[in-house]
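Please look over the model shown here. The report below picks out a few residues and says where they sit.

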Amino acid sequence: MAIRLEDKKAIVAEVNEAAQAALSAVVVDARGVTVSAMTGLRKEAREAGVYVRVVRNTLLRRAVAGTQYEVLSDVFTGPTLIAFSNDHPGAAARIFKEFAKGQDKFEIKAAAFEGNLIAANQIDVLATLPTFDEAVSQLMSVIQGATSKLARTLAAVRDQKETEAA
């Protein structure tokens, strides 16, 4: 289907704007996935703050030119669905990895994070990044462990001094 030049410019501008604001991007081939499954995936992505769009490869190359996602340009072959994570860098990777478990034809091509290309077989690196709340929780447990160890050490020193004084 032919797209008018104005429409192409609008698509490029929209995707470029999404790329500028995104924390990471994941590129997949969704050929052969049912419409109902894709609708569910898009709904889940939207709820997680992930921008999902099917774009022609030539338009996509223009849209990511000059952004940190330009490293993905070589991956734009065949039907391409791109997802930009806006709230958490691993959100799109996590959603797509989980979705791919139930879909044989859903293929993750690559991802990009901070200007680095991440191959499809290494998508776990991005998918397993902790969310903000998980990171804060991990930090708090480390701080709590260190403070409780300090308190036990000080109590042990106090007890030792008391036994020596007696």
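This report covers salt bridges, a buried residue and a loop residue. The model is predicted.

**Salt bridges**

The search covered the whole structure and found eight salt bridges. One of them pairs Arg53 with Glu14. Their closest N and O atoms are 3.0 Å apart. Arg53 belongs to strand β2 (residues 50-54), while Glu14 belongs to helix α1 (residues 5-21), so this pair ties together parts 39 residues apart in sequence. Arg53 is partly exposed, because its relative accessibility is 21% and buried means under 20%. Glu14 is partly exposed too, with a relative accessible area of 35%.

Other pairs sit within one helix. Glu47 bridges to Lys43. Both residues are in helix α2 (residues 35-47). They are four residues apart, which is about one turn of the helix. Glu47 is exposed at 61% relative accessible area, whereas Lys43 is partly exposed at 46%.

Helix α6 (residues 132-165) holds another pair, Glu162 and Arg158. Again the partners are four residues apart, about one turn of the helix. Glu162 has 47% relative accessibility and counts as partly exposed. Arg158 is also partly exposed, at 47%. Elsewhere, salt bridges with shared partners join Arg4, Glu6 and Asp7 into one network.

The table lists the three pairs described above with their atom distances.

| Salt bridge | Closest N and O atoms |
|---|---|
| Arg53 and Glu14 | 3.0 Å |
| Glu47 and Lys43 | 2.9 Å |
| Glu162 and Arg158 | 3.9 Å |

**A buried residue**

Now turn to Ser85. This residue lies in strand β3 (residues 81-85). Is Ser85 buried or exposed? Ser85 counts as buried, because its relative accessibility is 1% and the cut-off for buried is under 20%. Which residues does Ser85 touch, leaving aside those up to four places away in sequence? The contacts are Ala22, Leu23, Ser24, Gly49, Val50, Ala91 and Ala92.

**A loop residue**

Glu114 sits in the loop between β4 (107-113) and β5 (116-119). Its phi angle is positive, at about 55°, although Glu114 is not a glycine. Glu114 is exposed, because its relative accessible area is 57% and exposed means over 50%.

**In short**

Ser85 is buried in the model, and Glu114 is exposed. The Arg53 and Glu14 bridge ties a strand to a helix. The Glu47 and Lys43 bridge stays inside helix α2, and the Glu162 and Arg158 bridge stays inside helix α6.

Conventions: Residues numbered from 1 in each chain as written. Predicted model: local features only at pLDDT ≥ 70, side-chain atom pairs only at ≥ 80, totals over all residues. Heavy atoms only, no water. Helix = DSSP H or I, 4+ residues; strand = E, 2+ residues; numbered from the N terminus. Buried < 20%, exposed > 50% of the residue type's maximum accessible area, 1.4 Å probe, protein only. Contact = heavy atoms within 4.5 Å. Salt bridge = Lys/Arg side-chain N within 4 Å of Asp/Glu carboxyl O.
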